[in-house]
Amino acid sequence: AETVRPTTYVLVHGSWHAAWCFEPLRPLLEAAGHPVIARDLPGRGLNARFPSAYSVQPRPPAFATEVSPVASVVLRDCVDAVSASIESAIAQGSGPVVLLGHSSGGITIQAVAEALGPTKIKRLVYLAAWMPPNGKSVLDLLGSPEEADNLAAPLILADPAAIGALRIDPNSSNATYAANARAAFYADVPEATVAQRIVR
């Protein structure tokens, strides 16, 4: 009889996060017998650097103009990193993987799936994730009529084209801004989890 291999899950985080955000999910998948790969995307997580303006309160004018340390990280870098993890898993005996993307991770998994194809990707899972049509960016979508009630867009505090990233202020001293950020990103998340966030 043919041996049924457990499905490997590859989990891709979104903006302002890292692999740590999947720690509550990982043990559930592993308990069901599934190998799990959750890695930091380039420039995120353990490799993250913050703009110097993040360490200054009240926020200086440079907060809105300082180029992000991840400005040079492009989609291709993220696709290459995730693809390498999948190729490694398959080389070690995994079958096609389930590829999950959270938030902006949806853009990455879409590009990975297009690059690797259905022989290596069993299924795509979009978890509150973006799936822009070809030729459109998240900024295009945020400016569309369908996103008029999006709670995140008003939180962006710098011109993305100028700084090379979407910048919000997770430690804002402005109570209204902080409450709006909580509502936009963590409305149903315990406060202890919110405190672990990593934001660019």
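In α2 (75-91), the buried residues, those under 20% relative accessible area with a 1.4 Å probe and protein chains only, are Cys78, Val79, Ala81, Val82, Ser83, Ser85, Ile86 and Ala89. An α-helix has 3.6 residues a turn, so residues three or four places apart point the same way. The model is predicted: local features need pLDDT of at least 70 and side-chain atom pairs pLDDT 80 or more, while totals for chains, interfaces and linings use all residues. Residues are numbered from 1 along each chain, and side-chain values use heavy atoms, without hydrogens or water.

Helices (DSSP H or I, at least four residues) and strands (E, at least two) are numbered from the N terminus. The elements covering the buried residues of α2, by contact of heavy atoms within 4.5 Å, include those tabulated here.

| Element | Residues |
|---|---|
| β1 | 9-12 |
| β2 | 36-38 |
| β3 | 97-102 |
| α3 | 105-116 |
| β4 | 121-127 |

The end C-alpha atoms of α2 are 24 Å apart, which agrees with the 24 Å expected for its 17 residues at 1.5 Å a residue; the expected span is 1.5 Å times one less than the number of residues. Just after α2, Gly93 has a positive phi of about 110 degrees.

One cavity of 30 Å³ or more is found in the whole structure; a cavity is a set of points on a 1 Å grid where a 1.4 Å probe fits but cannot get out, and its lining residues have an atom within 4 Å of a point. The lining comprises Val10, Leu11, Val12, Arg39, Leu41, Val82 and Ser85, with β1 giving the largest share, three residues.

Terms used:
On a 1 Å grid over the protein atoms alone, a cavity is a set of points where a 1.4 Å probe fits but cannot get out, and a pocket is an open set with protein on both sides within 12 Å along at least five of seven lines; lining residues have an atom within 4 Å of a point. Grid points are joined across faces, edges and corners, and a volume is the space filled by probe spheres set on the points. Buried means under 20% relative accessible area, exposed over 50%, partly exposed in between (1.4 Å probe, protein chains only).
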